[in-house]
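Please open the model in a viewer and keep the sequence panel visible. The tour below proceeds by selections, each followed by an account of what is found there.

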Amino acid sequence: MRSNEPTLPPAAASEDTATTQVVIAFDDNRLASLLFGQYGQNLALIERRLGVVADQRGNHVTIEGSRAGCEQARRVLEGLYEQIKRGAEVVQGDVEGAIRQVIAQGSLFDFDPATKRSNFEEINLRKRPVRARTAAQDAYIRALKRHSLTFGIGPAGTGKTWLAVAYALQLFERKEVDRIILSRPAVEAGERLGFLPGDMREKVDPYLRPIYDALHDLMDDRIVERAMQNGEIEIAPLAFMRGRTLSNAAVILDEAQNTTSMQMKMFLTRLGENSRMIVTGDPSQIDLPPGQTSGLVEAVRLLDGVDGIAQVKFTSADVIRHELVTRIVEAYDRATPPPRGAKA
């Protein structure tokens, strides 16, 4: 891989806004094609986010724009290319994460793409590794590895639940825990599920679909089904957790903003020996009846600073879905008053 940047006059070289051009040649056409994305969609994302123009010719790409934009685009492409060379798959979420990382780092011209992601935590699974894409995700994975109870708080699309499931699966695959327990409050805060048809799993399946999607994305389908049949992966509705002690388990409570204060206290006190508990939720999407305090909001306030408990907060800047999701979240944040119970 070679990079060539024409020499600029001293005055122009000192201006980040001066137009310049960078040519990058990658040594493997197949890997370069994976880097650029289908129909060049990865390059198109880099163009939109960094304000540059990228022209692809075979395994070469010419980047034109401001000096800072070209440098950032070069670092994104070279870093992702090194990732692909190591056998990792690169999707648009990875491209977005790489862009945000170089923007946060600023203009560092002594950048080494081979070590670009070395400080970002990852979760190693048999099916594939899961890497942090933003600084908040990196902090989240570090917290999961170091604390028995971790709160992941923030808007949709930031990877809170997906990373929680990935970490639980890693503990399970390494036999550090015997089982995974997944819990989520139903739409109704009281979780009146008895009228729904089917057995317990069928009753709560609609509410746990995002967790199922993460399980099947991160583990072979046959292994997931077998683990669910023999109870190694358990679906435990929040309403039926009372009285249990959860030992040797990775326990995830998703959509925790819709728990009541009593439900949250009950859930947190289920933590047993050699267990890890992960609580995720978005305080801006509380569906409890008016006047009801969110158990998540209250727990975050009461447990702030308690030894052994970590809290990681995500923002719209950490959204890793389609780039429009970030703008949607930001628009709603500007127009929406503070969530109910935020001052509880």
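**First stop: Asp220 and Arg222**

Select Asp220, which is partly exposed, with a relative accessible area of 31%; the classes used here are buried (under 20% relative accessible area), exposed (over 50%) and partly exposed (in between), with a 1.4 Å probe and protein chains only. Accessible areas come from the Shrake-Rupley method with a 1.4 Å probe, and for residues only the protein chains shown count as cover. Next add Arg222, which counts as exposed at 65% relative accessibility. The side chains of Asp220 and Arg222 meet in a salt bridge, 3.4 Å from N to O. The term salt bridge denotes a side-chain nitrogen of Lys or Arg within 4 Å of a carboxyl oxygen of Asp or Glu.

Before moving on, please note that this is a predicted model, in which local features need pLDDT of at least 70 and side-chain atom pairs count only at pLDDT 80 or more, while totals for chains, interfaces and linings use all residues. Residues are numbered from 1 along each chain as its sequence is written, and side-chain values use heavy atoms, with hydrogens and water left out.

**Second stop: a salt-bridge network**

Select Glu121, Asp138, Arg142 and Lys145, which salt bridges with shared partners join into one network. Within this selection, Glu121 pairs with Lys145, the closest N and O atoms being 2.8 Å apart. Glu121 lies in the loop between α5 (92–105) and β5 (122–124) and Lys145 in helix α6, so the pair ties together parts that are 24 residues apart in sequence. Helices (H or I, at least four residues) and strands (E, at least two) are DSSP runs, numbered from the N terminus. Glu121 counts as buried at 14% relative accessibility, and Lys145 as partly exposed at 29%.

Now centre on Asp138 and Arg142, whose salt bridge has its closest N and O atoms 3.1 Å apart. These two residues are four apart in helix α6, and are therefore separated by about one helical turn. Asp138 is buried, with a relative accessible area of 9%, whereas Arg142 is partly exposed at 29%. Across the whole model, the count comes to 16 salt bridges.

**Third stop: the nonpolar cores**

Where do the residues with the most contacts inside the largest nonpolar core lie? Select Ile123, Tyr140, Val165, Leu169, Ile180, Leu182 and Leu215 to find them; the core has 40 residues. A nonpolar core is a set of buried Ala, Val, Leu, Ile, Met, Phe, Trp, Tyr and Cys residues joined through side-chain atoms within 4.5 Å. Elements that each supply at least two residues of this core include α6 (135–146), α7 (160–173), β8 (179–183) and α8 (200–218). Helix α7 gives the most, with nine residues.

Zoom in on Leu169, which touches Leu125, Ile180, Leu215, Leu218 and Met219, not counting residues up to four places away in sequence; contact means heavy atoms within 4.5 Å. A second, separate core of 27 residues includes Leu31, Leu35, Cys70 and Val95.

**Fourth stop: helix α2**

Select residues 29–36, helix α2, in which Leu31, Ala32, Leu35 and Phe36 are buried. Viewed down the axis of α2, the buried residues fall within an arc of 135° and so line one face of the helix; the arc is that of the directions from the helix axis to the C-beta atoms. The cover over these buried residues includes α3 (41–50), β3 (53–57), β4 (60–66) and α4 (67–85).

**Fifth stop: helix α10**

Select Ser261, found in helix α10 (residues 261–268). Ser261 counts as partly exposed at 23% relative accessibility and touches Thr293, Gly295 and Glu298, not counting residues up to four places away in sequence. Ser261 and Leu296 are 35 residues apart in sequence and 7.6 Å apart in space, C-alpha to C-alpha.

Extend the selection to Gln263, Met264, Met266, Phe267 and Leu268, the buried residues of α10. Their cover includes β7 (149–153), β8, β10, β11 (276–281) and α11 (295–302).

**Last stop: the surface and the whole**

Select Tyr332 in helix α12 (residues 323–335). At 59% relative accessibility, Tyr332 counts as exposed. Then zoom out to the whole protein, which has twelve helices and twelve strands. Of its 344 residues, 50% count as buried. The protein exposes about 16600 Å², and carbon and sulfur atoms supply 50% of it.
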